[in-house]
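I opened the model to go through its packing, its domains and its helices. My notes follow in the order in which I looked things up.

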Amino acid sequence: MKTMHVQRSIYPLVGIVILLGIWQAYTYFSGISQIVLPSPAAIVLASIKQYQLLLQATWPTLVETVLGFALALLIGVPLAVCVANSRLLNLALYPILVATQSVPKVAIAPIILVWFGLGINSKLALAFLVAFFPVVVDTAAGLQATPVGLLELARALRASPLQVFMKVQMPAALPFVFAGAKVAITLAVIGAVIGEFVGSVSGLGNLVLSANSQLEGPLAWAALVWLSVLGILLFSVVAFTERLLMPWAEAGRH
Amino acid sequence: MIGRQRPRIEPGGRPFGHFKSVRKAFPRPGQDALTVIEGVSFDLHAGKFVSLLGPSGCGKTTFLRIVAGLIAATGGTVQINGIDVTEPQPDFGVVFQQPNLMPWRSVLKNVLFPMEIRREAGKAALARAMELLSLVGLSGFERAYPAELSGGMQQRVALCRALVHQPKLLLMDEPFGALDELTRMEMQDLLLDIRNKTDATVMLVTHSISEAIYLSDTVAVFSKRPATIADFIEVGLPYPRKPEMRYIPDFTELEHRAGRALGITR
């Protein structure tokens with residue numbers, strides 16, 4: 001068992017180290033410009049030297065992502081409840097949802113910019129728009145996937161519709177909600193960055209663009225790495241919350 | 001404390017359960033309706049154990065669900081305690097073929113679920129739940145999740161849940177069908193033991209001849225669809241039933257009679 005745990009941590013680590021080693025060696029021996037492909041060492045150095053700058057840029061992106069994600073949950077979950085419980089609403093809203101999802105967010109980003117300005121709101125809006133769909137679809141699917149046996153049990157016990165919803169449907173849908181949330185948080189980061197690319201004064205996406213335009217390769221890549229880490233961290237928070245709120249999901253697997 | 005709840009005397013001599021000419025037909029688009037039950041009549045007396053025995057698809061589960069109030073009969077009389085049953089009744093307990101436990105709740109919380117629905121999940125309910133779990137041999141598993149239990153254990157939890165609100169009528173739809181034979185025999189003895197302690201009237205659907213005879217006071221043998229009562233067997237063996245009774249000549253004779261009624265032997 002312990003060997004398996006060790007293997008699980010060691011092997012990926014070894015893989016990454018080897019990859020970084022190859023990368024470092026390539027940049028050293030090929031003499032390629034630091035603007036085009038900085039070495040891992042240069043990126044790490046830039047991260048350390050420009051720590052303050054990177055941290056300052058992380059904060060707005062973090063806020064945009066988290067708020068956009070939170071909004072997607074706050075609006076998406078109730079909407080999914082309506083869609084799942086009303087056949088009429090389902091028929092009316094679902095096609096609209098799918099249609100809006102089909103519009104590439106990259107394409108409407110400039111319009112969002114015009115609507116909401118250069119500040120945080122446009123990024124928030126984009127983060128919301130990309131995160132919204134998976135939340136609604138997965139939550140609605142979860143609500144409609146309540147095991148029939150449980151619904152029948154509730155009926156045999158004369159439970160009221162509200163009791164069925166709160167005590168059976170919602171808990172049964174929770175795994176689906178989290179599945180949607182995990183997708184949504186990763187997309188929210190992308191949405192925020194798209195917003196920053198199209199027009200912004202702050203944030204990690206903004207930093208990538210400005211560093212790039214000033215030919216500071218290592219800094220631009222450092223910002224990318226930080227973005228990546230941000231995404232991973234946020235995802236981990238959602239995954240952790242999932243394990244916290246659904247202790248029974250681990251129960252069957254030992 | 002579970003104990004005995006009410007006297008076995010029926011007011012005015014009226015039987016606890018009265019079924020007369022019960023009919024059920026399911027409408028089919030573009031075809032004639034599918035008549036599943038055609039004229040089932042029998043009486044059920046308080047505190048008795050009746051099994052509904054029949055082949056798969058014969059309508060016995062449909063009949064049980066009509067009695068449970070989950071579906072409506074197309075015709076006939078379905079009365080329990082003088083009330084026409086049209087919807088699930090508060091003093092019924094139902095055990096399905098699948099345990100239908102909520103995976104996100106602990107064993108104890110699953111058992112307490114009916115009391116929560118009634119907003120009566122207080123100390124008395126908790127004590128009853130704990131006692132029931134102990135009766136079925138699951139003491140110590142109160143905090144476990146259903147995923148950690150075997151099928152037989154889950155079904156035992158479902159049994160506790162069906163009894164926690166002290167139902168007058170216990171309805172069971174092939175509750176041990178998903179279990180292996182040895183576990184099933186254990187569960188049958190457990191059921192008889194609990195029934196002895198709670199005095200509930202029981203109606204159990206099964207396709208096992210020996211299970212029907214072993215458990216019941218009477219066995220209603222259902223014919224093939226559209227179902228009628230092919231035979232109504234008074235078992236006549238004393239309670240408490242012992243596993244050895246399965247092998248006495250009287251038992252075999254009863255099984256034979258059921259087999260003849262089912263048309264599988266002569």
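I began with L171(B) in this predicted model. I left aside its neighbours within four places in sequence and listed what L171(B) is in contact with: L64(B), V67(B), A68(B), F92(B), G93(B), V94(B) and M203(B).

I then looked up the core around it. L171(B) belongs to the largest nonpolar core, which has 78 residues. C160(B), L171(B), M203(B) and A258(B) touch the most other members of this core. I asked which helix gives the most to this core. It is helix α4 of chain B, residues 151-163, with six residues. I noted a second, separate core of 50 residues, with V137(A), A173(A), A222(A) and L227(A) among its members. As background, nonpolar side chains in soluble globular proteins tend to be buried together.

Next I checked the domains of chain B. Domain 1 is made of two stretches, 11-91 and 167-262, and domain 2 covers 104-165. I read 25 Å between the C-alpha centres of these two domains of chain B. Where they touch, 11 residues of domain 1 of chain B are in contact with eight residues of domain 2 of chain B. On the domain 1 side, helix α5 of chain B (residues 181-198) supplies the largest share, five residues. By class, I have nine nonpolar, two polar and no charged residues on that side of domain 1 of chain B.

I stayed with helix α5 of chain B and picked E181(B), which is found in it. Is E181(B) buried or exposed? I counted 9 C-beta neighbours inside 10 Å, and the limit for exposed is 12 or fewer, so E181(B) counts as exposed. I also took the C-alpha to C-alpha distance from E181(B) to V202(B), which is 21 Å. In sequence the two are 21 residues apart.

I moved to the contact between the chains. I found 16 residues of chain B in contact with 15 residues of chain A. The chain B side of this contact has 13 nonpolar residues, two polar and one charged.

Then I turned to chain A as a whole. I counted 11 helices and zero strands, so I have no sheet to describe in chain A by the strand criterion used. The C-alpha trace of chain A spans about 75 × 55 × 30 Å along its principal axes. Chain A has 254 residues, and 33% of them count as buried. I also looked at the contacts in chain A with a separation of 6 or more: 77% of these are between residues 24 or more positions apart.

For the domains of chain A, I have domain 1 at 1-29 and domain 2 at 38-251. Their centres, taken over C-alpha atoms, are separated by 30 Å.

My last entry is on one helix pair in chain A. How do α3(A) and α6(A) pass each other? The crossing is right-handed. I took helix α3 of chain A as residues 51-85 and helix α6 of chain A as residues 120-144. Their axes come within 6 Å and cross at roughly 35°. The contact of α3(A) with α6(A) holds 24 nonpolar, five polar and two charged residues.

Technical notes:
Residues numbered from 1 in each chain as written. Chains lettered and ligands numbered in written order. Predicted model: local features only at pLDDT ≥ 70, side-chain atom pairs only at ≥ 80, totals over all residues. Axes fitted to C-alpha atoms, helices over the stretch in contact; angles between N-to-C directions. Helix = DSSP H or I, 4+ residues; strand = E, 2+ residues; numbered from the N terminus. Left-handed = near helix turned anticlockwise from the far one by under 90°. Nonpolar A, V, L, I, M, F, W, Y, C, P; charged D, E, K, R; others polar. Contact = placed C-beta atoms within 7 Å. Domains from an automatic or database assignment. Core = buried A, V, L, I, M, F, W, Y, C linked by C-beta atoms within 7 Å. Buried ≥ 20, exposed ≤ 12 C-beta atoms within 10 Å, placed from the backbone.
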